[in-house]
Amino acid sequence: MARYVITETSVQDGILHFRLRPRRGRVFYFEPGQYASLSFAVNGRPTPSRCFSIVSQPGDSELEFGIRVLGDFTQTVAGLEIGAAATVHGPFGEFSLYRHNTRPVIMLAAGIGITPFMSMLRSMKDLAPSFPVTLVYSVRTLADAPFRDEIYELSSQIPNLRVVYFVSAAKGQFIGQRNVIAGRLTEAYVRRIVRNQFGESLYYLCGPSKFMKTYQKFLTRQGAF
């Protein structure tokens, strides 16, 4: 457990972005893709703890998070002032970038499930991976896609990174943007990007439960795991 304070908050496209600085010492070490448990002090009382993926990369002086503003907890956090106290437990999880990997990496993300991938992508900019990385990001509209400007910038900075957006609300429409596809992500498209050689790539999935179940089952049937 560690004590932190809020140093920055903003809401963009329905996503609350905020940063936390340790009261003492440095941010704990974590692997890109891991998460932490957070609680905040509101009127002198701690909120319930909630778990969120860490968006910042290891070595940053602050922890960064991005969470969709939906329920009471996130609305409460969105209303906190700079300097408000936070308690952080972590890091947790095995969903992390394998530093000694040599296989192609396929990242399948949907909605706010992009957050753990942001930590990975930011780290890749410094690591300069030799293996190809494909991020396939499923969103309702491009306006619903958090971090889209940064992802675009990272795709130009990481030589082996390819980013493809699937925009479900635009089904049947023409989108005049490179690597943006109107409609929902399909199993046929995943087959295409791995050239039906499922066992040769390393897969990461994060998104809503239905999205996760669909592609976990699909990749398991193909012998990817």
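This is a chat about the fold, the cores and a few single residues of a predicted model.

Me: What helices and strands are in the protein chain?
Reply: The model is predicted. The protein chain has five helices and twelve strands.

Me: How does its radius of gyration sit against the globule rule?
Reply: The radius of gyration is 18 Å, and the rule gives 17 Å for 225 residues. The two are close, so the chain is as compact as a globular protein of that length.

Me: And what does the C-alpha trace span along its principal axes?
Reply: About 55 × 40 × 30 Å.

Me: How much of the chain is buried?
Reply: Of the 225 residues, 48% count as buried. The accessible surface is about 11900 Å². Carbon and sulfur atoms hold 48% of that surface.

Me: What share of the contacts join residues at least 24 apart?
Reply: 68%, counted among contacts between residues at least 6 apart in sequence.

Me: Charges next. How many positive and negative side chains?
Reply: There are 26 positive and 16 negative side chains. The centres of the two sets lie 7 Å apart.

Me: Now the inside. Which residues have the most contacts in the largest nonpolar core?
Reply: M107, I114, L135, Y137, I151, Y165 and Y204. The core has 29 residues.

Me: Which elements give two or more residues to it?
Reply: Two helices are on the list, α2 (115-127) and α3 (148-157). The strands are β8 (105-110), β9 (133-139), β10 (161-167) and β12 (202-206).

Me: Which one gives the most?
Reply: α2, with five residues.

Me: Is there a general reason to expect cores, and why would nonpolar side chains group?
Reply: In soluble globular proteins, nonpolar side chains tend to be buried together.

Me: Back to Y137. What does Y137 touch?
Reply: Leaving out residues up to four places away in sequence, Y137 touches A109, A110, G111 and I114. Y137 also touches A145, P146, I151, V164, Y165 and F166.

Me: What other core lies apart from the largest one?
Reply: Another core, of 22 residues. Its members include I6, F28, L38 and F65.

Me: Switching to V55. Where is V55, and is it buried or exposed?
Reply: V55 is in the loop between β5 (50-53) and β6 (63-68). V55 is buried, with a relative accessible area of 0%.

Me: What covers that spot, or at least, what does V55 touch?
Reply: Beyond its neighbours up to four places away, V55 touches E64, F65, G66, T115, M118, S119, R122 and F147. F65 is among the residues of the 22-residue core.

Me: How far is V55 from H100?
Reply: Their C-alpha atoms are separated by 21 Å. Along the chain, V55 and H100 are 45 residues apart.

Me: And V69 with L16? How far apart are they?
Reply: 6.2 Å, C-alpha to C-alpha, with their positions 53 residues apart in sequence. V69 is in the loop between β6 and α1 (72-78). V69 counts as partly exposed, at 27% relative accessibility.

Me: Which residues is V69 in contact with?
Reply: G14, I15, L16, T74 and Q75, leaving aside neighbours within four places.

Me: Two serines. S39 first: where is it, and what is it in contact with?
Reply: S39 lies in strand β3. S39 counts as buried, at 9% relative accessibility. Neighbours within four places aside, S39 is in contact with T47, P48, S49, A85, A86 and T87.

Me: And S201, where is that?
Reply: In the loop between α4 and β12. S201 counts as buried at 6% relative accessibility. Not counting residues up to four places away, S201 touches R103, P104, I106 and V194.

Me: Backbone now. Which peptide bond is cis?
Reply: The bond from G90 to P91, with omega near 5°. P91 lies in strand β7 (residues 85-92).

Me: What is phi of N43, and of N196?
Reply: Phi of N43 is near 55°. Phi of N196 is near 60°. Most residues other than glycine have a negative phi, and most peptide bonds are trans.

Me: Where are N43 and N196?
Reply: N43 is in the loop between β3 (35-42) and β4 (45-46). N196 is in the loop between α4 (187-194) and β12.

Me: Last one. Is N43 buried or exposed?
Reply: N43 is exposed, with a relative accessible area of 79%.

Notes
Residues numbered from 1 in each chain as written. Predicted model: local features only at pLDDT ≥ 70, side-chain atom pairs only at ≥ 80, totals over all residues. Heavy atoms only, no water. Helix = DSSP H or I, 4+ residues; strand = E, 2+ residues; numbered from the N terminus. Rg over C-alpha atoms; globule rule 2.2 N^0.38 Å. Buried < 20%, exposed > 50% of the residue type's maximum accessible area, 1.4 Å probe, protein only. Contact = heavy atoms within 4.5 Å. Areas by Shrake-Rupley, 256 points an atom, 1.4 Å probe, with all protein chains shown as cover. Lys, Arg positive; Asp, Glu negative; His and termini not counted. Charge placed at Lys NZ, Arg CZ, Asp CG, Glu CD. Core = buried A, V, L, I, M, F, W, Y, C linked by side-chain atoms within 4.5 Å.
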